[in-house]
Every structure is written in structure tokens, then in C-alpha cells.
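Visitor: Please take a close look at how the helices pack in this model. I would like one part treated in detail, with its surroundings after that.

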Amino acid sequence: MTDLFDKFDMSQSSLGQHADYLEDYFMFPKLEGALGPRMSFNGKPVLNWSLNNYLGLANHPEVRRVDGEAANEWGLAYPMGARMMSGNTVHHIELERQLASFISKEDVMLLNFGYQGVLSIIDAVVDRRDVIVYDAESHASILDGVRLHMGKRFVFPHNNIENLEKQLKRAKKLADETGGGILVITEGVFGMSGNLGKLDKIVALKEKYNFRLFVDDAHGFGTMGATGAGAGEELGVQDQIDLYFSTFAKSMASIGAFVGGNARAVKFLRYNLRSQIFAKSLPMPLVIGAMKRLELLRDHSEHKDNLWKITKALQSGLRENGFNIGTTQSPVTPVILSGSVPEACNMVYDLRENYGIFCSLVIYPVIPKGIIILRLIPTAVHTLEDVKETIATFKELKSKLDDGVYLREEILVLEK
Ligand SMILES: Cc1ncc(COP(=O)(O)O)c(C=O)c1O
């Protein structure tokens, strides 16, 4: 027998093993100053491409005003319990009504956090007789929800519709035996690759396999579709999505989330979603602030237009300069390079310290060894100058990487 806490030795954790030398810089970096494309990191100004603020609403003067006024008027304590018991208000109900109308669903339920919401939706919707079929590149909240499931689950390779159909055949056979149903789970926009989920192809299989579709559209809400209602609108299949989820953590630049569906489904969730029944409801400033954000997202398309202007300039500029940005169809922009983990760290150190550009670094073990992804998230408040500066910098960086400049055992950050 061992002491339970022996496993807390960080050397055993896949990310934690790097904590001693990567912490504070590559992991848990501390950005300073006011939020925006131009921030400060380690006391130096940086151009930041790592903000979950697609539409630039985080610092919109109307948003800041309403957030402040709501915090003043209501405080953070109110309401004082779970929605079902003592945490319901007319504001929560009104926000749900507006969201439902915007995403063309009969009803919507607010969630305190997206991650817990997704987990809890999966937990509530399926029981041990039911079968889950899900995309292999799904977000951790989906994977963790699937782990809670007591019945069978089948995974299909990312966006592989042929294989999905194979899994659906297996799922249907099983569900016919158990008397259960089938839940297919995918994303509207995949947050690492920027790919859209093939929702149109997926819904085309609904009739044959009689499944329900749950879509996590965290990155699609506000960024995709003619009105910004998301990937379902973009692909013309919003009405075929049985449970539509998004978080307030991206385009809405806040905290909270929601799930929409027909009235019967949302009523069921209100009485069965453990993450909401047993947790305090969203504080009033977040609810009132979300209403202002939704108004700007819905009624002011210039934010989405700006986002796409920057996205197109960034993505076409990178492509024209020979960069591999994969198959993205959304603002998410992965720059895919080859190199080792130490090379990646040296390169990002150089990028931050000497070129003043901050973006996320994705390396092994999150992705396979030998691949480096620099992930850029454009926003409506970046400028074309920011794009130009970034592309010029990335060109220099790539030629250094190709010339082996970053091929050193030790990590430059240790030499500070
Ligand atoms: C695809 C996806 N689903 C769910 C979540 C979780 O949302 P939240 O941050 O509101 O917990 C995120 C991250 O924010 C996400 O990217």
C-alpha cells in the first residue's frame, strides 16, 4: 500500500512533469494590464492572440458600463440559491427567452459553467441502456461526460462520416437489444483545428438511425452563421440539432453557458441537470451582463464582420507565406510546425521576449511528438497592422526554426 498522495509527485503527471521549468512562463503565464490585443507579459508589451474574446465585447464600453451598474445594483451574492429552490429571477428567465429566440429553439436553460453543463447534460440525457456515439476530437467536457456514462459508447475518428455510420450501425444494433436510444455528440467548431463539425452530413443520417444530436458550439456561437447563431445556422441544420449548447466564455466574453432545445427537452433538463439543481444560480451581474452582450452580438453585426476581416487577413496571409494552418473553417487559426518540445519552448520564448507576440503553444503530450502548434485566436478588436506584424514575425521565426536555431537541449527561459 502507498500513501494516496504519493501520486501527487509532479514527475508522474503528463503536464506536471514540466512544471519546474515551464511554470509561470509556458504554463500559467501571467498576463498583466488591461485586457486587449495589446497587453503586458513579464513587464513587457505584447501583441496578444490568446484571448477568448472573438467579438471584442470584453472591453466594449456598453458592456463595461452594464457590468459595473449591475454589480453595483445587485452585488455578486444575489440570487441566494439554486434556480429550483430560491435562485430564480425574472432576469434569468428573460435571458433564456432571448437566447431561445436568437438560436431558434423553443426554450433555453442557463448553465453556470460550460464544462460542468456539458458533463451534466450527458449524464442527465443517457442511462445505462442508451448508447453514445461521439467525435474523437471532442472537448474535454464531452469526453468527461462520456466517461460518466454507464452504458456503451462508440467513438468515430474526427469528422469521419463513413466511420460514424459504422458506429451508428453498431449503436443501433445494441440499442435495439437494450431498448435504449442513441445520442450523437459533436462540436459546431472544433477549438484546436478550427474545423466545423460536419453537422449537415450527420443530420442526414438521423432518419436511418433514429438518434438525437447534441452539439457543443462553444466556438461557433457569435462567430458562425449569417446572424451569428452558430455552426447549425451556418450549415443550415439548426432545426435538426436536438440539444444546442454554447458557453458565454468565448464570443460573449463572460462566464456561464446555456443549452437550448424543444420545450420538452429543456423542461426535462430543468428537473434533471445535477450541475444546476445542486449549485447556486448565475449571479445577477453575469445575467444582466449577458443580456447586453447578446444584444450587441445579435443587433450589431459589425463585430462579427470585423472578426472575419481580421480572420481572413490572418489566414490568407499565413497561407500565402507558406504556413500550414490545417483545415480551419473558422476564426481559430492553428499554425502547424515541426519540431521538438525544447525547440518549441525556445521558439516561443524568442517570440514573446524578442518579438513581443503572445499566443498559445500546443505541444506533446496534447498533440503527437514532433508537432508544434502555435494557436492564434483573432478577435474583432485586432487590427490589420497586428496581422501584418504577426505574419512578418512568423516568417522570421519559421526560418530560424528551419535553420535549427532553436535546436538546443536547454531551454532559453532558464538562462534569464
Ligand atoms: C468546446 C468547449 N466546450 C465547453 C467549454 C467549457 O466552457 P466553460 O469555459 O464555460 O466551462 C469550452 C471552453 O470554454 C469549450 O471550448
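Guide: In this predicted model, helix α3 and helix α12 cross with a left-handed sense. Helix α3 covers residues 90-102 and helix α12 residues 284-299; their axes come within 9 Å, at a crossing angle of roughly 25 degrees. Angles under 35 degrees count as roughly parallel, and α3 and α12 are therefore roughly parallel to each other. On the α3 side the contact is made by His91, His92, Leu95, Gln98, Leu99 and Phe102. These meet Met284, Val287, Ile288, Ala290, Met291, Leu294 and Arg298 in α12. By class, the residues of this contact are 9 nonpolar, 3 polar and 1 charged.

A second helix pair is formed by α4 (residues 114-125) and α5 (residues 140-148). The axes of α4 and α5 lie 8 Å apart, and the packing angle is about 35 degrees. The crossing of α4 and α5 is right-handed. From α4, Gly114, Tyr115, Val118, Leu119, Ile122 and Asp123 take part, and they meet Ser141, Ile142, Asp144, Gly145, Val146 and Leu148 of α5. The residues of the contact of α4 with α5 comprise 7 nonpolar, 3 polar and 2 charged.

Helix α4 also belongs to the surroundings of the ligand: with 3 residues, α4 gives the most to the shell. There are 13 residues around the ligand, and those that come nearest are Gly114, Tyr115, His139, Ala218 and Thr247. Gly114 and Tyr115 are also among the α4 residues that meet α5. The shell divides into 6 nonpolar, 5 polar and 2 charged residues.

Conventions. Residues numbered from 1 in each chain as written. Predicted model: local features only at pLDDT ≥ 70, side-chain atom pairs only at ≥ 80, totals over all residues. Near = placed C-beta within 6 Å. Helix = DSSP H or I, 4+ residues; strand = E, 2+ residues; numbered from the N terminus. Nonpolar A, V, L, I, M, F, W, Y, C, P; charged D, E, K, R; others polar. Axes fitted to C-alpha atoms, helices over the stretch in contact; angles between N-to-C directions. Left-handed = near helix turned anticlockwise from the far one by under 90°. Contact = placed C-beta atoms within 7 Å. Parallel < 35°, antiparallel > 145°, perpendicular 65-115°, else oblique.
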